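Me: Please take a close look at one part of this model, the open sheet, and describe how its strands pair and what surrounds them. Add whatever else belongs to the picture.

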Amino acid sequence: MTTTFCRMVLLALAAMIGLGIGPAEKPNPLHVVIVMEGRNIRLQPQVNGLRDGLEELKYVEGENLNWHRIDGGTDEELRANLKAVLQRQRMDVLVTLGTTETSVAKEVAPNIPTVFLPAVDPVKSGFVRSLASPGTNLTGLTFFTDAENLGKQLEVFKQVVPTLEKVGVLFDARLKSSAFTESWKRLTVIASWLGIHLRELPVTSSAETASQIASLPNAVMSTGVFVFCSGFFKDAEGIGAAARKRKLPLFGCNAFQVAEQNVLLSYAPDLYSLGYRGAWFVDRIFKGAKPWDLPVETPRRFELVINTKVASDIGLKISPEMLMLADRVFR
């Protein structure tokens, strides 16, 4: 009697579980892997945006979501670290924080869905076939729509510093490609129209960056420094210190650099908003969508950010009109 009763209870429980009524196993958490060159993730507002976006979509760290981070001081080190982790760690989605990181992910992990946040000109960089139809295992958001945005940045630089005549353009020499060549051509056209002479400043290390800035003419307010933004320039602390020492206005890559790293101004996509939007891509992939079916998106919000304390330190007076146009002003 007792044995029969126990057997009936067990069968009933089994039936309930099969119907989804009884207790079920906790699903395995999904894995998001952040891939970044450099080691200071605090400098990446898009990571905070991504985390907040996924949290709003009901992904809870430690329950249904696990975060991982792969970094490296150079692209070679990053490549080696990603290969090593790939051998022992499950990865559902890679999130790359720049063009260099995306190149590494494409090479090392071509079969893992990858969301770039952001990449500069992903079509010419070879990451996707087109923005509308990526056709590859990569998708995400661009930093700029095209070379026109670089021209707009230079124009804003001239508006804030009207006396500019010479501008040194810092860029990651490892990324000199057809995309860079086209952007440079467009930039020179805008520079000519603005009455500015450009000088290429290719760099591959922090030491080279300081040396290149030191090589610029010591002509206060007629010479400036413009950063062709990429992952190499995530941390602008050294660049900001070098430019401030020479009293040269510095055009940087994002609001954090303007707020904390002696950068005079930036006019760029809001990286937090970009990361927040990136959460949608990650969620769609988690739910079965393929990257090649998710169109690449261009920035929806740009912001002008100015630091008046830096301006004062280098002897620049910014017009009230420009300060009124700024989205944020740090004093």
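Reply: Strands E1 and E3 run parallel and are joined by 4 bridges. Ile 34 stands opposite Val 95 of E3 in this pairing. The model is a predicted one, and the description below keeps to the sheet before turning to other parts.

E3 covers residues 93–96, and its side chains alternate: Val 93 and Val 95 point one way, Leu 94 and Thr 96 the other way, and all are buried. E3 is also joined to E4, again in parallel, by 3 bridges. There Leu 94 stands opposite Thr 114 of E4.

From E4, which spans residues 114–119, the pairing goes on to E5 in the parallel sense over 4 bridges. Ala 119 has Thr 142 in E5 as its bridge partner. Taken together, the open sheet has 5 strands in the order E2-E1-E3-E4-E5, with parallel pairing. E2 (65–72) and E5 (138–142) each have a single partner strand and stand at the edges, so one side of each is left without a neighbour in the sheet. From one strand to the next, the twist averages 20 degrees.

Two backbone details belong to E4 and the loop after it. The peptide bond from Leu 117 to Pro 118 is cis, with omega near 0 degrees, and Pro 118 lies in strand E4. Asp 121 is in the loop between E4 and E5. Its phi is near 45 degrees, a positive value in a residue other than glycine.

On the other side of the strand order, helix H3 (residues 75–86) lies across E1 (30–37) and E2, and runs at about 145 degrees to E2. H3 also packs against helix H4 (residues 99–108), at an angle of about 40 degrees and with the two axes 10 Å apart. H3 is therefore oblique to H4. The crossing of H3 past H4 is right-handed. On the H3 side, the residues that meet H4 are Asp 75, Leu 78, Arg 79, Leu 82, Lys 83 and Leu 86. Their counterparts in H4 are Thr 100, Glu 101, Val 104, Ala 105, Glu 107 and Val 108.

Outside the sheet, the remaining features concern the part of the chain that holds E8, H8, E9 and H9. The structure holds 1 disulfide. Cys 229 and Cys 253 form this link, with their sulfur atoms 2.1 Å apart. The value about the S-S bond is -105 degrees, and the link of Cys 229 and Cys 253 is left-handed. The pair links distant parts of the chain, the two cysteines being 24 residues apart. Cys 229 sits in the loop between strand E8 (223–227) and helix H8 (237–245), and Cys 253 in the loop between strand E9 (250–251) and helix H9 (255–260). Both Cys 229 and Cys 253 are buried.

Lys 247 is found in the loop between H8 and E9. Phi of Lys 247 is near 60 degrees, again a positive value in a residue other than glycine. Lys 247 counts as partly exposed because its relative accessibility is 38%.

Definitions and conventions: Residues are numbered from 1 along each chain as its sequence is written. This is a predicted model: local features need pLDDT of at least 70, side-chain atom pairs count only at pLDDT 80 or more; totals for chains, interfaces and linings use all residues. Side-chain values use heavy atoms; hydrogens and water are left out. Two strands pair if DSSP finds at least two bridges between them. Axes are lines fitted to C-alpha atoms, for helices over the stretch in contact, and angles run from 0 to 180 degrees between N-to-C directions. Contact means heavy atoms within 4.5 Å. A disulfide is a pair of cysteine sulfur atoms within 2.5 Å. Buried means under 20% relative accessible area, exposed over 50%, partly exposed in between (1.4 Å probe, protein chains only). Angles under 35 degrees count as roughly parallel, over 145 as roughly antiparallel, 65 to 115 as roughly perpendicular and the rest as oblique. A crossing is left-handed if the near helix is turned anticlockwise from the far one by less than a right angle, and right-handed if clockwise.
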